[in-house]
Amino acid sequence: MATEILENEVASLPAAAVRLQERIGNRTAKVGVLGLGYVGLPLAVEFAKAGFEVIGIDVQAGKVKQFNQGRSYVKDVADDVFGPLVKSGKLRATTDFSVITELDTIDICVPTPLRKTKDPDMSYVVSATEAIAKYLHPGLLVMLESTTYPGTTDELVLPKLQESGLRVGEDFFLCFSPERVDPGNPNFHTKNIPKVVGGITPVCTQVGSLFYKQALETVIAVSSTRVAEMVKLLENTFRMINIGLVNEMALMCNRMGINVWEVIDAAATKPFGFMPFYPGPGLGGHCIPIDPFYLSWKSREAGIEARFIELAGYINGQMPEHVVDRIQATLNDATKPLRGSHVHLLGVAYKRDIDDVRESPALDIIHLLQKRGATVTYSDPFVPKIRVDGIDLTSQDLVNSATNADCVVVVTDHSGIDYGDIVKRSKLILDTRHALKGINSPNVIRL
Ligand SMILES: NC(=O)c1ccc[n+]([C@@H]2O[C@H](COP(=O)([O-])OP(=O)(O)OC[C@H]3O[C@@H](n4cnc5c(N)ncnc54)[C@H](O)[C@@H]3O)[C@@H](O)[C@H]2O)c1
């Protein structure tokens, strides 16, 4: 059931909004999704499932081809759901941006990475906005979903759309609605994660909220695009800083000979005021290591140094090096030098049960190990090959590699692995994820 949130419904709506609301309400609105990746594809699927005709737009011809063949390339969307929607004509994709002239709504789901300097790289959002501006027409609802700094929608997107002479809130409608999807999460997905939406004007918020309510379970309207942008950054900064804190705890506990995992598990028994976060080999993925730096960049402009973010970023950034130091110390204790040793990484995806290696700490760990002269192999059931320092590595048989390696390192705690068996086969095994919880064996070393 969609949540009713439109307490402040606008009394008198402009004609374009009335028409659009009608088309949204009776499912005749044509829905566009620009950027068909981890975020855009599941979103397109939800609206097609809700009965809308959905057209995806992407710059990658290969992706568009696969999409139109009904083959899902996003693990959380099964082919047997995706294929029939494509076959029925409810869902299709194109590289031709002129299709925007036919659309009633368009969601922008393009990447927002960082530059090497840790400044926001807005080039994808800019080029997506320019493409929409070219085909903007009265009655179009535009929503930005890409994670970004507060002010992006009103300072960057809006002026480009207004160059057309069309008026926001009257002729066209513009909202920011952060995407909160968590790939690989078995309980929460696009449909049942509450959707926050803030418009440039109250009419924009109203139309945007109505739109999302058609396909998603819960919609939370907020007062502005800036609030909606900041919501996402608060969520991800909260995670990043708390992970930084437990990573620092892990470093302290290591020096003091205390098992940090046991500490966290015991602390988590407190029924109020504590939320467990877990240390690991470093941050990964497209969100947690990146988004807080969008905020620190913007807050510098406002004259405030985001000190928590910088500090947590520093501590989290040290973790791959710490893991490699631990591998080296562990091998030294076994009177083996790291140079010339065979180190096998169990898992390279940035988190459990997904195939995404973007920003994965495994890449840094492999780079550092190779720099220190180790021979590195990996196995990952979700990642058949990776490229590190320009060299392709392919996933190896785990059982053989674990038996042959001088040290195995659990970098990703994928489920479906017989960890007990791997411990038995390994000479030494360093667990950076607490995947070996409950396994007590002299060859097990914990982060
Ligand atoms: N992946 C996640 O778990 C996640 C979760 C929440 C929020 N986000 C945010 O959502 C946004 C998208 O992330 P993603 O993981 O889906 O990225 P992605 O790289 O998987 O997909 C982005 C898609 O956009 C396409 N694209 C790039 N420029 C384009 C353009 N100008 N026009 C049309 N298509 C274009 C790319 O070809 C790609 O298919 C980012 O801002 C990200 O931070 C991601």
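Helices here are DSSP runs of at least four residues, numbered from the N terminus. With that settled, the surface of this predicted model is a handy place to start. Leu245, Met249, Met252, Met256, Ile258 and Val263 come together as a nonpolar patch on the surface, and their accessible area adds up to about 530 Å². Helix 8, which spans residues 225–256, supplies the largest share of that patch, with four residues. Met252 sits in helix 8. Its relative accessible area is 37%, so Met252 counts as partly exposed, given that the label covers values between 20% and 50%.

Helix 8 also has a part to play in the packing against strands. It lies across strand 6 (173–176), strand 7 (195–199) and strand 8, and it runs at about 150 degrees to strand 7.

That leads to the sheet with eight strands. It is an open sheet with mixed pairing, and its strands follow the order 3-2-1-4-5-6-7-8. Strand 3 (91–94) and strand 8 (219–222) are the edge strands; each has a single partner strand, so one side of each is left without a neighbour in the sheet. Going from one strand to the next, the twist averages 25 degrees. At the strand 3 end, strand 2 (residues 53–57) pairs with strand 3 in the parallel sense, over four bridges. Here Gly56 stands opposite Ala93 of strand 3. Helix 5 (residues 123–135) packs on this sheet too, where it touches strand 1 (30–34), strand 4 (105–108) and strand 5 (141–144), and its direction makes about 165 degrees with that of strand 4.

Further along the chain comes another open sheet, this one built from five strands in the order 10-9-13-14-15, with parallel pairing. Its edges are strand 10 (375–379) and strand 15 (444–446); each of them has a single partner strand, so one side of each lacks a neighbour in the sheet. The twist in this sheet averages 25 degrees from one strand to the next. Strand 10 pairs with strand 9 (residues 342–346) in the parallel sense over five bridges, and Leu345 has Tyr378 in strand 10 as its bridge partner. Helix 11 (residues 307–333) lies across strand 9, strand 13 (407–410), strand 14 (429–431) and strand 15, at about 150 degrees to strand 13.

Last up is a little hairpin. Strand 11 (residues 385–388) and strand 12 (residues 391–394) run antiparallel and are joined by four bridges, with Val388 standing opposite Ile391 of strand 12. Two residues lie between the strands, and Asp389 in the turn has a positive phi of about 50 degrees.

Technical notes
Residues numbered from 1 in each chain as written. Predicted model: local features only at pLDDT ≥ 70, side-chain atom pairs only at ≥ 80, totals over all residues. Heavy atoms only, no water. Patch = residues over 30% accessible without salt bridge, like charges linked within 9 Å, V, L, I, M, F, W, Y side chains within 5 Å. Areas by Shrake-Rupley, 256 points an atom, 1.4 Å probe, with all protein chains shown as cover. Salt bridge = Lys/Arg side-chain N within 4 Å of Asp/Glu carboxyl O. Buried < 20%, exposed > 50% of the residue type's maximum accessible area, 1.4 Å probe, protein only. Pairing = 2+ DSSP bridges. Axes fitted to C-alpha atoms, helices over the stretch in contact; angles between N-to-C directions. Contact = heavy atoms within 4.5 Å.
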